[in-house]
Amino acid sequence: MAIFEGSGVAIVTPFFEDETIHYEKLDQLIDFHCENGTDSIIICGTTGESPTLSEEEHMQVVKFAVERVRGRIPVIAGTGSNATRTAIDMSREAVEYGVDGLLLISPYYNKATQKGLEAHFTAVAREAKAPVILYNVAGRTGINIEATTIANLVRDVDNIVGVKEASGNISQVAKIMSLTDGKIDLYSGNDDQIVPLLSLGGKGVISVLANVAPQETHDICELFFQGKVKESAALQLKALPLIDQLFCQVNPIPVKKAMNLMGWECGPLRMPLTELPPEQTEKLAKAMREFGIQIQK
């Protein structure tokens, strides 16, 4: 059984103006998602500004999320690192806190060969002893987890169960599903490709869009699962202008601005991320309004 099916939100991390973590606001966001269709919380991912969190902050946020979700929906913790030992330590700690699964990004900057990727993910998964979703996003890490590598890992390591595919390469996605005989939990890592990946046997999406439109992102998946493919595709296409604006600059710059426009008061970004310029903020706000999202400021 998959950790979740449907829409998993790659949730933002709210900060006070002094950039300390705003736990009360995070608690409110968690309740919002649990009550508005989100099928899973993905905590401390890229959208949650995990690269700017200290390891202590990172683990405190994971622990807090598990405690506040209270089993209402699954919690998946981003615990990847470019150092295998660090990824093992963080993953084991997250499992101790009670997460339902782990999201492991491929090692960045120092990269790895495909053989090295297999060794890295195998070591982390076997030490962590929890369901693992691989995260393939070469645009951020500089390396693609090849379809053959993913298939080998799913075959050889029992608790490597899924992949968040953000390569944008539909041919690669099809090859993954072919090489695994569909025996992998496939999640779209791109909000503009939810329906195409579902059509190849996907279980859902790990989504940025869901931060601002949780019910609609859930509905794209649910309509597809119900066999209402035309309606699912129509909602996917309706969301495209908003998705374009949510990625007009590097994630999570636009989505955090969108949250603040909605009145969530999620605070600033931590450097080196900088605020969205006014002209792009206007375009983002326009796309939000046209999608039916209320702007409060």
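Which elements do the buried residues of α6 pack against? Keep that question in mind while reading these notes on a predicted model; the reply comes at point 4.

1. The barrel. A good place to begin is the closed barrel of eight strands, which runs in the order β1-β2-β3-β4-β5-β6-β7-β8 with parallel pairing. On average, and ignoring direction, neighbouring strands of this sheet are turned by 25 degrees against each other. Helix α9 (residues 214-225) packs on the sheet, where it touches β1 (6-10) and β8 (204-207). The direction of helix α9 makes about 160 degrees with that of β1.

2. Three strand pairs to look at. Strand β2 (residues 40-43) pairs with strand β3 (residues 75-78) in the parallel sense, over three bridges. To find this pair on screen, look for Ile41, whose bridge partner in β3 is Val75. Further round, β4 and β5 pair in the parallel sense over four bridges, and here Leu103 stands opposite Ile133 in β5. The pair β6 and β7 is also parallel, with four bridges; in this case Glu165 stands opposite Ser188 in β7.

3. Strands covered on both faces. How many of the residues of β5 are buried? The count is five of its five residues, and the strand is mostly covered. Val132, Leu134 and Asn136 are on one side of β5, Ile133 and Tyr135 are on the other, and all are buried. Strand β7 (residues 185-188) likewise has both faces covered. On one side of β7 are Asp185 and Tyr187, on the other Leu186 and Ser188, and all of these are buried. A general point helps in reading such lists: in a regular strand the side chains alternate between the two faces of the sheet.

4. Helix α6, and the opening question. The buried residues of α6 pack against α4 (114-128), β5 (132-136), β6 and α7 (170-179). Why is helix α6 (residues 147-156) largely enclosed by the rest of the structure? Because seven of its ten residues are buried. You can pick them out by name: Ala147, Thr149, Ile150, Ala151, Asn152, Leu153 and Val154.

5. Gly162, a residue of β6. Gly162 is found in strand β6 (residues 160-165). Is Gly162 buried or exposed? Its relative accessibility is 0%, so Gly162 counts as buried. Leaving aside residues up to four places away in sequence, Gly162 touches Val132, Ile133, Leu134, Ile184 and Asp185. Val132, Ile133 and Leu134 are among the buried residues of β5, while Asp185 is one of the buried residues of β7. For a sense of distance, the C-alpha atoms of Gly162 and Arg126 are separated by 15 Å, and the two residues are 36 residues apart along the chain.

6. Thr217, a residue of α9. Now return to the helix of point 1, since Thr217 has its place in helix α9. With a relative accessible area of 0%, Thr217 is buried. Which residues does Thr217 touch, not counting those up to four places away in sequence? They are Ser7, Ile194, Val205, Ser207, Leu209 and Ala210.

7. The largest pocket. About 960 Å³ of space lies in the largest pocket. Its lining comprises 44 residues, of which Thr46, Pro51, Ile105, Tyr135 and Arg140 lie nearest the centre. Tyr135 has already appeared as one of the buried residues of β5. The elements that each supply at least two lining residues are α2 (55-69), α3 (84-97), β4 (101-105), α5 (138-141), β8 and α10 (229-246). By kind, the lining divides into 19 nonpolar, 18 polar and seven charged residues.

8. Gln245 and Glu290. Two residues from the later helices make a nice last stop. Gln245 is found in helix α10, and at 18% relative accessibility Gln245 counts as buried, because the cut-off is under 20%. Apart from residues up to four places away in sequence, Gln245 touches Pro254, Gln280, Lys283, Leu284 and Ala287. Glu290 has its place in helix α12 (residues 278-291). With a relative accessible area of 54%, Glu290 is exposed. The C-alpha atoms of Glu290 and Leu242 are separated by 8.4 Å, although these residues are 48 residues apart along the chain.

Methods
Residues numbered from 1 in each chain as written. Predicted model: local features only at pLDDT ≥ 70, side-chain atom pairs only at ≥ 80, totals over all residues. Heavy atoms only, no water. Pairing = 2+ DSSP bridges. Axes fitted to C-alpha atoms, helices over the stretch in contact; angles between N-to-C directions. Contact = heavy atoms within 4.5 Å. 1 Å grid on protein atoms, 1.4 Å probe; cavity = no way out; pocket = protein on both sides within 12 Å on 5 of 7 lines; lining within 4 Å. Points joined across faces, edges and corners; volume = space filled by probe spheres on them. Nonpolar A, V, L, I, M, F, W, Y, C, P; charged D, E, K, R; others polar. Buried < 20%, exposed > 50% of the residue type's maximum accessible area, 1.4 Å probe, protein only.
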